[in-house]
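Hi,

Here is the structure we talked about handing over. Please open it next to this email and follow along.

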Amino acid sequence: MIQRDALAILESGVSTLLTGAAGTGKTHVLNQFIQRGKADGKHIAITATTGLAATHLNGSTIHSWAGIGIQDELPHSFGKNLSKQRRELINKADVLIIDEISMLHDFRLDLINQAMREARDSEEPFGGVQVILCGDFFQLPPINRGDSRYGGFVTESQSWQEGSFEVCYLHEQYRQADDQYYTDILNGIREGSLMRSQLDRLRAREASVKDSHSVTRLLTTNVDVDAINQKKLQELDGDIHSYEMSTTGSARYVEQLKRSCLASETLQLKLGASVMCIKNNPEKKYVNGSLGTVVDFEPDTDYPIVRLLNGKTITIRPEAWELRDGDKKRAGLTQLPIRLAWAITVHKSQGMTLDAAQIDLSKAFVEGMGYVALSRVRSLDNLTLDGINNMALRTSPYAREIDVTLRSTSEVTHRNHQKIIDDWQKAEEERKKRPAKTQKNSGNWAQKLEKMRQEYPNAYRPWRTKDDETLIKLFQIDSDIGKLSKEFGRHPGSIEKRLEKLLGIEAK
């Protein structure tokens, strides 16, 4: 199924599994659906199975949104003890999105179903809400620990067996579109049918040589990643440039957002540092996973100037991340949308497209890990292997089994919805002619930040050392917060908090 047809089916209102191989554009379709749905006034609850995946969509974890936490069973008193706020959030939703569905246990999808039925006082599946599951079962599976209930893929759940979901299986490859041979290798890993010649070509990449300053290394453990990044930074000459994260919201939600985000609390850079963009730029100057090297620092702001691998040279400016619970913003943070990129874990690379990578799969320990890592790269020529074990080439036998069913079910879905697809395509021509709808008090954080900076140009921008020194001097001369606000182009509250941090006093 192509992306356009999948979008038409999603917009018809049916609950759906949106799936397909890595690089087929599942997240792109989701983002289109979310943007268009919100413009039409729908309340869309955006969630994912992990905090990291949730931040990519500016959402929350499904466990938090549904109020089920990490419980293996719902208590009998769940509905009675559900907070008024949580009940309102669930009742307000027109659509529930759950991304990275391969990592959700089957029994937890049933718990979500049960929780939504109780919260909405409805016997309909998921309380009558349209549910969109998104993910690829060949990627990372549910994690089972000895001290908790065992679970498999959501296709084994009672909710799935009840036939609540249509299937849209995307088949067009975008990430490896220019390298069919590499696409065939990845498909061979997916299907468990990798040919000897393909394996030899893959292992030949162990002998390839890449410039380690411009190619990200993917490893399986955080310890190895942190050690490499710090060692490489220390080896560079020159001064360290530091950028502090700014946050809003209660401490509990801020900490949750920090754990779910690739942004650093304190980002340290030097001239020549290898960096990776960790967010899609609204102006499309870079995408999540773009690689580059710090070549300079902007004189007035000290923002890093990065030369990307595609040849573009851009100034990296602060971006914002949000933790949302339904329509409510729980926490926000602002930081430069880059991180040191000599190394990153395979888990944190999920969802990224990398221009090039040096991958060590000698310690791969779970089915699907190798496929996730290898499928991040656009082509075989841009891949270097430090090592690869047998586990790295394995995918779940059950994923292979259900993949056949999902593909055939997707074909049935396409046939059954052909008229809806045709009507949707006709309506699109009319939709393009209509002016975009606007809602009062709506807009994403980027839009709000842009409006805020019309009055306070430096709102949510990092404080530099020389700014702090100037602030202290001026405050000692004249403690008028209003004057300092105009001088620094920042909200009075921001000035007060900075003075409190620097001097340990309240500036009111």
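Is G128 buried, partly exposed or exposed? Keep in mind that this is a predicted model. G128 has a relative accessible area of 43%, so it counts as partly exposed. The residue sits in the loop that links α7 (106–120) to β5 (130–134). Look across to D94 as well. G128 and D94 are separated by 34 residues in sequence, and their C-alpha atoms are 8.6 Å apart.

Next, the cores. The largest nonpolar core holds 83 residues. The members that touch the most others are L96, I112, L133, L202, I359 and L374. Helix α7 is the top contributor, giving seven residues. A second core lies apart from this one and has 24 residues, including V225, I228, Y243 and F297. As a rule, nonpolar side chains in soluble globular proteins tend to be buried together.

L96 deserves a click. Beyond its neighbours within four places in sequence, L96 is in contact with A45, T47, I62, W65, I112, M116, V129, Q130, V131 and I132.

Now the strands. One open sheet has five of them, in the order β14-β13-β12-β11-β17, and the pairing is antiparallel. The edges are β14 (313–315) and β17 (338–340), each pairing on one side only. From one strand to the next, the twist averages 40°. Within this sheet, β11 (residues 274–277) and β12 (residues 291–297) are joined by three bridges. There, M276 faces L291 of β12.

Another pair to check is β8 and β10. Strand β8 (residues 241–244) runs antiparallel to β10, with four bridges between them. Y243 has L267 of β10 as its bridge partner. Y243 also belongs to the 24-residue core.

Which side chains of β10 (residues 266–269) are buried? L267 and L269 are, and they point to one face. T266 and Q268 point to the other face and are not buried. Such alternation between the two faces of the sheet is what a regular strand shows.

Last stop: R498, in helix α20 (residues 492–503). Is R498 buried or exposed? Its relative accessibility is 11%, so R498 counts as buried, the cut-off being under 20%. Leaving out residues up to four places away in sequence, R498 touches W463, D468 and L471.

Over to you.

Best wishes

Terms used:
Residues numbered from 1 in each chain as written. Predicted model: local features only at pLDDT ≥ 70, side-chain atom pairs only at ≥ 80, totals over all residues. Heavy atoms only, no water. Pairing = 2+ DSSP bridges. Helix = DSSP H or I, 4+ residues; strand = E, 2+ residues; numbered from the N terminus. Axes fitted to C-alpha atoms, helices over the stretch in contact; angles between N-to-C directions. Buried < 20%, exposed > 50% of the residue type's maximum accessible area, 1.4 Å probe, protein only. Core = buried A, V, L, I, M, F, W, Y, C linked by side-chain atoms within 4.5 Å. Contact = heavy atoms within 4.5 Å.
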